[in-house]
Amino acid sequence: MNKGKILMLLILAILTFSCQKGYKQEYKTFAEFNEKNERNKGWFPPIIHNDVTDLRNVSYLDPLCAFGKFNYKNSGFYDSIFSANEKISFDLFNNKVEQNIKLKPNWFLDLKEFDKSNVEVIKKEEFYVLKNKKDKTIYFILSNSIP
């Protein structure tokens with residue numbers, strides 16, 4: 001085999017395996033997140049306010065999927081977003097997670113072991129967004145899988 005074919009196979013192998021691991025993003029503050037380009041920000045729902053901390057996300061292209069979370073301080077801001085958007089059932093959020101369970105990172109919410117009485121769920125554009133009012137944490141999933 002000539003060097004060109006070996007190089008091409010190596011490049012294809014690297015691209016294939018790098019896409020399967022997912023693209024990880026972590027930011028400690030809004031300022032750090034805000035420095036990133038719009039393509040990176042596109043893996044987060046369009047509800048990020050300047051008070052957020054500990055933003056995390058892992059995204060995949062095949063299947064199109066992203067898991068993420070962040071903490072917030074300004075309850076009023078997020079309460080207004082959740083009241084202005086149609087609420088969806090927790091079961092729909094859970095179904096999206098279950099459909100992509102093999103990709104779910106270990107830091108994402110364990111849906112079987114938490115108190116559902118302190119949560120609200122909405123759909124914002126293509127994101128399924130869960131707000132844990134007690135912990136002031138937002139969890140989200142982007143998924144193109146059919147419910």
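These legends describe close-up views of a predicted model of one protein chain.

**View 1. The whole chain combines helices and strands.**
The protein chain holds 5 helices and 6 strands. Read from the N terminus on, its elements follow the order α-β-α-α-β-β-α-α-β-β-β. Of its 147 residues, 41% count as buried. The exposed surface of the protein chain comes to about 9000 Å². Carbon and sulfur atoms supply 53% of that surface. Take the contacts between residues at least 6 apart in sequence: 60% of them join residues at least 24 apart.

**View 2. Six strands form an open sheet.**
The sheet has 6 strands and is open. Its strand order is 1-2-3-6-5-4, and the pairing is antiparallel. Strand 1 and strand 4 are the edge strands, each pairing on one side only. From one strand to the next, the twist averages 10 degrees.

**View 3. Strands 1, 2 and 3 lie in sequence order in the sheet.**
Strand 1 covers residues 23-29, and strand 2 covers residues 53-60. These two pair in the antiparallel sense over 6 bridges. Strand 2 also pairs with strand 3, residues 65-71. That pairing is antiparallel too, again over 6 bridges. Y60 has C65 of strand 3 as its bridge partner. Strand 2 and strand 3 make a hairpin, with 4 residues between them.

**View 4. Q25 sits in strand 1.**
Is Q25 buried or exposed? Its relative accessible area is 4%, so Q25 is buried; the cut-off for that is under 20%. The bridge partner of Q25 in strand 2 is N57. N57 is also one of the residues in contact with Q25 when neighbours within four places in sequence are left aside. The others are N40, W43, F44, L55 and R56. Two polar approaches involve the side chain of Q25. The side chain of Y27 makes a polar contact with the side chain of Q25, at 2.5 Å. The backbone oxygen of N40 lies 3.2 Å from a polar atom of the Q25 side chain. In a regular strand, side chains alternate between the two faces of the sheet.

**View 5. Strand 4 and strand 5 form a hairpin.**
Strand 4 spans residues 119-124, and strand 5 spans residues 127-132. They pair in the antiparallel sense over 6 bridges. E120 has K131 of strand 5 as its bridge partner. How many residues lie between the strands of this hairpin? There are 2 residues between them. In this hairpin, E125 takes a positive phi near 55 degrees.

**View 6. Strand 6 pairs with strand 5.**
Strand 6 runs over residues 137-143. Its pairing with strand 5 is antiparallel, with 6 bridges. N132 has its bridge partner in strand 6: T137.

**View 7. Two helices meet the sheet strands.**
Helix 4 covers residues 75-84. Which strands does helix 4 lie across? They are strand 3, strand 4, strand 5 and strand 6. Helix 4 runs at about 135 degrees to strand 5. Helix 5, residues 90-99, packs on the sheet. Helix 5 touches strand 3, strand 4, strand 5 and strand 6. The direction of helix 5 makes about 60 degrees with that of strand 6.

Methods: Residues numbered from 1 in each chain as written. Predicted model: local features only at pLDDT ≥ 70, side-chain atom pairs only at ≥ 80, totals over all residues. Heavy atoms only, no water. Pairing = 2+ DSSP bridges. Axes fitted to C-alpha atoms, helices over the stretch in contact; angles between N-to-C directions. Contact = heavy atoms within 4.5 Å. Buried < 20%, exposed > 50% of the residue type's maximum accessible area, 1.4 Å probe, protein only. Areas by Shrake-Rupley, 256 points an atom, 1.4 Å probe, with all protein chains shown as cover. Polar contact = N/O pair within 3.5 Å; in protein donor to acceptor, adjacent residues only side chain to side chain.
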